[in-house]
Amino acid sequence: SAIKPIVYSAGIEDGILTPATIFEDSPIYFSIRQANKDYWLPENIDESFEGRISLREALEKSRNVPALIATQRIGIDRLAVQFKKFFFHTEKEFEKRFKRELAIGIGILEMSPLEMVIAYSAFANNGVIKRPYLIKKIEDQEGNVLYRGDDKDEFNLNMPQEKKVLSGDVSEVMISLLKSSARFGGTNKGGFYSERLAGKTGTTNQYRDAWFIGLLPTLVAAVWIGFDDPKVSMNKGTGAGVSGPLYGKILRNVKQKYDIGEYVFEPQAVLQKICPQSGKLPNPYCPRVKEEIF
């Protein structure tokens, strides 16, 4: 589920989706073509359904059906573009790893924590991702630079040193959504929460992997918990149950250093009053009005 923000970002970028978009989180039938069956009835992790739900609520509660409906609306070809921008920086890598399947929207691709941190950093960094490095530089005792790592592709990611993948206003919308999502991430169980914290959990089938990726204005960090052997399950260990609390334990010890500053976006998103029942502008009969970001 940690991939869902990447999917939603494509829809928000194109104006197909907004945080107020209403989905029907109900049992749904997808026609597919596989060797052993021609249909798919996806479920949410708790095997329940919420009914009418906004995109913001769908991300907060990590609902699968809305994410799949969003994937269908956005289209696999458009998501291919988004995944290339965030993850696959060469055509060879893209063709090797991308899958043109509807389930791309709920996380069927294997990603490393490093790849996810790079991608999420765009939301916190005004839509810009930067190539990571391990060693900034090595100097001798006279101060001569013997090695400079920040201009080398030390992880062989074949990506440029800097890459703009989202506009500032889309990044701001995503941070707003991820701040809502972070409230359900379980980090407070580990002793850390902040109004600045944005983040998303992830849990794979049979509880084999648990994720939490958290963002602050000066730090992006990913926690993955699982086993080297994917056949081993964690006995219902979820992102919010194990990874979020571990993130909280780590961050509570460096809170003063990293829980500072504010996100900076250019151009900025705008706030607009809406009717939450419809996700659209309120008319005189709207029972309740709220502000949403666009």
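Hi everyone. At 0% relative accessibility, Ala 210 counts as buried, and that residue is where I'd like to start. One caution before going on: this is a predicted model.

So where does Ala 210 sit? Ala 210 is part of strand β10. Setting aside residues up to four places away in sequence, Ala 210 touches Gly 202, Val 223, Trp 224, Ile 225, Met 234, Gly 237, Thr 238, Gly 239, Val 242 and Ser 243. Take Met 234 from that list: Ala 210 and Met 234 are 24 residues apart in sequence, and their C-alpha atoms are 8.7 Å apart in space.

Now let's widen the view to the sheet. β9, β10 and β11 make an open sheet of 3 strands, in the order β9-β10-β11, with antiparallel pairing. β9 (198–203) and β11 (219–226) are the edge strands, each pairing on one side only. On average, neighbouring strands of this sheet are turned by 5° against each other, if you ignore direction. Between β9 and β10, which run antiparallel, there are 6 bridges. If you have the structure open, look for Gly 202, whose bridge partner in β10 is Trp 211.

Next, the nonpolar cores. As a general reminder, in soluble globular proteins nonpolar side chains tend to be buried together. Here, the largest nonpolar core has 54 residues, and the members touching the most other members are Tyr 8, Phe 83, Phe 86, Phe 87, Met 116, Phe 123 and Leu 215. Which elements supply at least two residues each? They are α1 (4–14), α2 (55–60), α3 (64–74), α4 (76–86), α6 (113–124), α7 (168–182) and β10 (209–216). Helix α6 gives the most, with 7 residues.

Let me zoom in on Phe 83 for a moment. Leaving aside neighbours within four places in sequence, Phe 83 is in contact with Ile 3, Ile 6, Phe 88, Phe 98, Ile 104, Leu 109 and Met 111. There is also a second, separate core of 9 residues, and its members include Leu 197, Phe 212, Val 223 and Leu 251. You may remember Val 223 as one of the residues that Ala 210 touches.

On to the charged side chains. In general, side chains of opposite charge can pair when their charged atoms come close. How many salt bridges does a search of the whole structure find? The search returns 20 salt bridges, and I'll walk you through three.

The first on my tour joins the side chains of Glu 13 and Arg 78, at 2.8 Å from N to O. This pair links distant parts of the chain, with Glu 13 in helix α1, Arg 78 in helix α4, and their positions 65 residues apart. Are these two partners buried or exposed? Glu 13 has 28% relative accessibility and so counts as partly exposed, while Arg 78 is buried, with a relative accessible area of 16%.

Then we have Asp 46 and Arg 63, whose side chains meet in a salt bridge of 3.2 Å, N to O. Asp 46 lies in the loop between β3 (39–40) and β4 (51–54), and Arg 63 in the loop between α2 and α3, 17 residues apart. Asp 46 is partly exposed, with a relative accessible area of 43%, whereas Arg 63 counts as buried at 3% relative accessibility.

My last example is Glu 50 with Lys 61, a salt bridge of 3.2 Å, N to O. Glu 50 is in the loop between β3 and β4 and Lys 61 is in the loop between α2 and α3, so this pair ties together parts that are 11 residues apart in sequence. Glu 50 counts as partly exposed at 36% relative accessibility, and Lys 61 is partly exposed with a relative accessible area of 36%. Beyond single pairs, salt bridges that share partners join Glu 13, Asp 14, Arg 78 and Lys 85 into one network.

Finally, the disulfide. A search of the whole structure finds 1, formed by Cys 275 and Cys 286 with their sulfur atoms 2.2 Å apart. The link is right-handed, with 95° about the S-S bond. Both Cys 275 and Cys 286 lie in the loop between β12 (271–274) and β13 (290–293), so the pair ties together parts that are 11 residues apart in sequence. Cys 275 counts as buried at 6% relative accessibility, and Cys 286 counts as buried at 13%.

That's my tour, thanks for listening!

How values were computed:
Residues are numbered from 1 along each chain as its sequence is written. This is a predicted model: local features need pLDDT of at least 70, side-chain atom pairs count only at pLDDT 80 or more; totals for chains, interfaces and linings use all residues. Side-chain values use heavy atoms; hydrogens and water are left out. A nonpolar core is a set of buried Ala, Val, Leu, Ile, Met, Phe, Trp, Tyr and Cys residues joined through side-chain atoms within 4.5 Å. Buried means under 20% relative accessible area, exposed over 50%, partly exposed in between (1.4 Å probe, protein chains only). Helices (H or I, at least four residues) and strands (E, at least two) are DSSP runs, numbered from the N terminus. Contact means heavy atoms within 4.5 Å. A disulfide is a pair of cysteine sulfur atoms within 2.5 Å. Two strands pair if DSSP finds at least two bridges between them. Axes are lines fitted to C-alpha atoms, for helices over the stretch in contact, and angles run from 0 to 180 degrees between N-to-C directions. A salt bridge is a side-chain nitrogen of Lys or Arg within 4 Å of a carboxyl oxygen of Asp or Glu.
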